[in-house]
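Q: Could you take a close look at how the helices pack against each other here? I'm a first-year student, so please explain the terms as you go.

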Amino acid sequence: MSALTGLIIAAHGRHYLADADGAKLQCVTRGKKTNVAVGDRVKLTLTSPDQAVIDGIDERQTLLYRSDQYKSKLLAANLSQLFIVVATEPGFADDLVSRSLVAAEAAGITARLILNKTDVTASLGKTRERLAPYAALGYPVHEVSAKGDPAHAVATLAPLLAGQSSILIGQSGMGKSSLINLLVPDADIAVREISAALDTGKHTTTFTRLYQLPELGAGSSIIDSPGFQEFGLYHLSEGMLERAFVDFAPYLGQCKFYNCRHLIEPQCAVLAAVAEGKITRMRHTLYGQLLHESAQTLY
């Protein structure tokens with residue numbers, strides 16, 4: 001039995017696919033623990049020419065995950081960048097965008113937005129208006145049309161991916177797959193290979209997968225994740241939450257009470273900023289909602 005290291009490039013349930021120096025290995029964990037994420041660097045013990053057991057996980061730089069009241073769902077490890085994909089149509093949920101930005105801040109990951117389907121001009125103006133508050137917070141919005149102008153989409157996004165470990169997230173229907181197919185020319189072939197290795201059959205969109213982008217420089221990779229409608233953040237504590245709202249930063253530490261929760265307390269600097277329009281009500285409402293959720297956590 002030989003020991004080696006690998007990079008987890010796909011996960012489906014308790015089955016993983018690792019890349020160990022170019023060799024694709026089907027992997028399982030020892031016991032029932034499934035705390036492995038796509039993007040993890042792992043220690044492996046080979047059990048057959050194409051199978052291995054995961055013995056350990058190297059220390060992570062970052063970890064992005066969702067959580068509800070009862071359990072957490074690992075999205076990816078060792079990310080440096082998160083792209084939230086929205087489109088002119090179908091409509092996107094502000095709640096999901098906002099929560100994704102909070103998750104990125106809490107995990108120490110740079111966040112950007114991609115506005116896809118800019119060729120649908122009828123909805124473009126309204127969509128830009130909806131994205132303006134995020135741009136005002138300092139989150140760049142990159143406009144592309146994967147189908148309408150693929151060359152421009154690649155020219156816009158490829159430089160942003162260079163040297164970064166990135167993930168694309170968003171609701172179904174936003175065009176994530178179209179973008180991946182532009183950025184990773186052999187994506188379809190890779191998906192078929194991974195599906196066969198993980199025995200997922202036709203359910204090619206139900207697993208998270210990592211594509212390495214050596215042509216963009218060392219360490220460049222992009223992770224595609226299944227579309228989801230909700231982004232629970234039950235794992236964030238009060239202190240983590242207030243720091244994950246970038247618009248709160250100038251006012252933290254200025255409240256009358258050191259343990260201010262920024263909800264109804266007197267002489268709260270954050271509430272004063274909301275009243276003055278320096279922090280949007282939508283953001284403050286989300287903060288209150290997340291604070292309430294974090295208090296419900298059972299695990």
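A: Let's start with one helix pair. Pro-150, Ala-153, Val-154, Leu-157, Ala-158 and Leu-161 of helix 3 touch Leu-179, Leu-182 and Leu-183 of helix 4, where contact means heavy atoms within 4.5 Å. By class, this contact has 9 nonpolar residues, no polar ones and no charged ones. Here Ala, Val, Leu, Ile, Met, Phe, Trp, Tyr, Cys and Pro count as nonpolar, Asp, Glu, Lys and Arg as charged, and the others, Gly among them, as polar.

Before going on, a word on the source: this is a predicted model, with local features needing pLDDT of at least 70 and side-chain atom pairs counting only at pLDDT 80 or more, while totals for chains, interfaces and linings use all residues. Residues are numbered from 1 along each chain as its sequence is written, and side-chain values use heavy atoms, leaving out hydrogens and water.

Helices are DSSP runs of H or I with at least four residues, numbered from the N terminus. Helix 3 covers residues 150-161 and helix 4 residues 176-183, and their axes lie 10 Å apart at an angle of about 75°. The axes are lines fitted to C-alpha atoms over the stretch in contact, with angles from 0 to 180 degrees between N-to-C directions. So helix 3 and helix 4 are roughly perpendicular, a label for 65 to 115 degrees.

Now take helix 1 (residues 94-107) and helix 8 (residues 281-294): their axes come within 11 Å and cross at roughly 70°. That makes this pair roughly perpendicular too. Asp-94 and Arg-99 are among the helix 1 residues in the contact, and Arg-283 and Glu-293 are among those from helix 8. This contact divides into 4 nonpolar, 2 polar and 5 charged residues.

Note on methods: Helices (H or I, at least four residues) and strands (E, at least two) are DSSP runs, numbered from the N terminus. Angles under 35 degrees count as roughly parallel, over 145 as roughly antiparallel, 65 to 115 as roughly perpendicular and the rest as oblique.
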